[in-house]
Structures are given as structure tokens and as C-alpha cells.
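Hi there,

Here is the structure I promised to pass on. Could you open it alongside this email and follow along?

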Amino acid sequence: EADTIASARLTAKSVDPDVALVDKNLPDGSGLDLIRELKAKHPGLEAILITAYATVESAIMAVEVGAFDYLVKPFPELQSVLFKVRNAAEKSRLQRLEALHRHAQKMGALGRLAGGVAHDFNNLLCVVLACAHQALNDIKDVRVGPSTTEALDDILHAVDSATRLTRQLLSFAHRPVGRLEVLPIDAIIVELRSMLTRLLGAEIELVLALDAATARVAMPRTQLEQVLANLVVNARDAVGTHGTLTIETRSVEGGLELSVHDTGSGIPPEVAARIFEPFFTTKEVGRGTGLGLSMVKSIVDEAGGRIAVSSLPGEGTTFCIVLPVVPSGETTIARAPDSAPALPPGHGKRVLIVE
């Protein structure tokens, strides 16, 4: 409940309502203006206008502001009110599902595009790699300056980095990205320091507190890199221009703990509760896909781990990942075969839905 426009704004911001019942005349302004504002800030919200005068003008005004329906005071029996609210809630639910479906279609098309580009680019890298290796072999018995050898080594290093980039694109496109590997987390984080620093920018300090040198986990390396990159990018957006990002590892009972802590402004509890949901994002349109953290959770779940977020407004945010470790001495691990539950059989009947 809210008894003014000002309190309604605050309440709607904290609960993200599906349906709003708004009186036409409020102490501090017009309920019609509030409906416009709520529908603009909460896509999918449906509004029901409350008025004491059932006139054609009231109905027209309700339509103009995008209200789903309107109620006349004094209210009729409760069942009639609930009927209108349920209808509005169902329309809101269908609109949100439709929006998710459209978003999924766009991301699917983008994934296919990324996969195609990565595939073609990978073919070009194969040519560069073969030529560089051939050149190195050709100059073994020829007196050349050290700069030539260094240049060829730089080419090979660049091709290796670009190959990993194409694997990340293929991972985004949901194509196979490589086999399971036994990975030393601390060593890989050290290798990625320069890349993570570039992602953060010059104004944000990267601190590594690594204390799990002997711990190893089983997952594709590209997916581990993707998890770190996504968490770092989200932390960069939270910190802003100046701050610190700390990546910490330590051995815990049952596995390895990897935590990423930023000194940003923190996130409210209602956002933290939904932050791993598919397509959920607090970013403005055009500033991100909203897929980063849900993809991180998917990767962690697939690796048999778990992820949690803790944050207090003004005190920064910490993402904590716990992954199972590979027993000492094992160097390879096989992926368990995928098994999908069988769908229940149909009965040969046709169903006609008329809406």
C-alpha cells in the first residue's frame, strides 16, 4: 500500500509489482500521471484505475494512460475486484514471458552469428599459425637478428590468445568449447592478471590474494576464464572510476573457495535475490546483455560447484564460488554422459486452444 505518489514510487521500486491499483486523485498529484510513470519504469506492469465516477471520460482517460481496466468506488463485491486483478496479473505474466522469448530469440541469433564469425576467424588463425611455425623452422640454420625470432614468437603468442578468444565466442554460441581439464586455479589467475587488469582499467586496482597453490579443479579452461572475466566486468561497473577489486583463493572443507570482492556501492537485497536469474539485469538498455551472472552460475553448476553473493549498500559486493577439487595425483577426468529424462508418452489426442 502507498497513500501518495511519492511513497508509491519508493514502494514500486522495492517490490517491482506486476499489477498496480491506482486512485485517479491522490493527495500530491494525479493517479493518471503515476500510471504512466509506473508503466514506463516497470515493463510488463498492468494498472487498474480507481475512480468514483464511472463516465465515458474516465474510461477514455484510463485507455489513454495504458490502464488495463478500472474500478468504481465504492467497490462491488470482493470477487469482482479479485477477478479484475487476476486478469491483469495474467496479462502481465504473458507480457513478461513474451519479452523473455523475444530476448532469447535475439540472443540466439547473436550466438549463431558469433559462432559463425569465430569459426571463420579460427580458420584464418590456422593459416597464420602454420606460416609462423614454417618461418621459424626455415630460419633455424640461417643467421638472422634476434628481433626476427622475437617477432615470430610474438605472432605465435598472439595467435594463441586469439584462439582462446574464439573459444569464448563459441562458448557464447553454445557450441562445444573443449574437454574437461585439470586446472591449477592460482596459476591460471596469475596468467590472466594482465587481461583482467585491462578489463578493469587504469583507475581500479587489482589485488590477488592466492592461497590455494596445490588445489586443482576440473572444468574447461575457457569456461573458467569466462567466469573470471564476467565477475571482473560486473565489479568494474559497480566500482565506477576508482576502487579496488580483490580476487582471493583458499582451500576449504569440500573444495576450493574463489571469491571476488569489489569496493563498489553494493547492491540492495531485492536485487541480490534475483541477480543470477536468466536475463535479469540492472543495467540500462544498451549497456549490457544481462546474461553475465546467469551464465556464470550455469558454468559453476555444471562444474559441480555453487555460487553465492553477499553485499551491503555502501560496503561493496562479494561473489563467492566453491568448486570441488581433483584428488592429488589425478591428471585427467572424464565427463559423465549426459542423461535426459524421457518425456511422458502422449495419448494421440488433439487439443484446440481458443483464446
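Below is what I found, going from the confidence of the model to its helices, salt bridges and backbone.

This is a predicted model, in which local features need pLDDT of at least 70 and side-chain atom pairs count only at pLDDT 80 or more, while totals for chains, interfaces and linings use all residues. Residues are numbered from 1 along each chain as its sequence is written, and side-chain values use heavy atoms, with hydrogens and water left out.

**Confidence**

The protein chain has a mean pLDDT of 80 (pLDDT being the predictor's confidence in each residue, from 0 to 100), and 85% of its residues reach 70 or more. Two stretches to treat with care are residues 284–291, where pLDDT stays under 50 and the model has nine contacts beyond four places in sequence, and residues 335–339, also under 50, with four such contacts. A contact here means heavy atoms within 4.5 Å. Where pLDDT is low, the predicted coordinates should not be read in detail.

**Helix α1 and what follows it**

Helices (H or I, at least four residues) and strands (E, at least two) are DSSP runs, numbered from the N terminus. For exposure, buried means under 20% relative accessible area, exposed over 50%, and partly exposed in between (1.4 Å probe, protein chains only).

Helix α1 covers residues 5–15, and I5, A8 and A12 are buried in it. These residues sit on the same side of α1 because they cover an arc of only 50° around the axis, the arc being that of the directions from the helix axis to the C-beta atoms. L10 and K13, on the other side of α1, are exposed. The buried residues of α1 pack against β2 (25–26), β3 (29–30) and α2 (31–41).

D16 comes just after α1, in the loop between α1 and β1 (19–23). Its phi is near 50°, a positive value in a residue other than glycine, and D16 is partly exposed at 27% relative accessibility.

**Salt bridges**

The structure holds twelve salt bridges, each being a side-chain nitrogen of Lys or Arg within 4 Å of a carboxyl oxygen of Asp or Glu. These are among them:

- R36 pairs with D33, with the closest N and O atoms 3.0 Å apart. Both are in helix α2, three residues apart, so about one helical turn separates them. R36 is partly exposed at 43% relative accessibility, and D33 is partly exposed at 44%.
- D69 pairs with K84, with the closest N and O atoms 3.1 Å apart. This pair links distant parts of the chain, with D69 in strand β5 (residues 69–72) and K84 in helix α4, 15 residues apart. D69 is partly exposed at 23% relative accessibility.
- E257 and R250 meet through their side chains at 2.9 Å, N to O. E257 is buried at 15% relative accessibility, whereas R250 is partly exposed at 37%.
- R9, E37 and K41 are linked in a network of salt bridges.

**A cis peptide bond**

Which kind of peptide bond runs from K73 to P74, cis or trans? The bond is cis, with omega near -5°, and P74 lies in the loop between β5 and α4. As background for this bond and for the phi discussed above, most residues other than glycine have a negative phi, and most peptide bonds are trans.

Enjoy looking through it!

Best wishes
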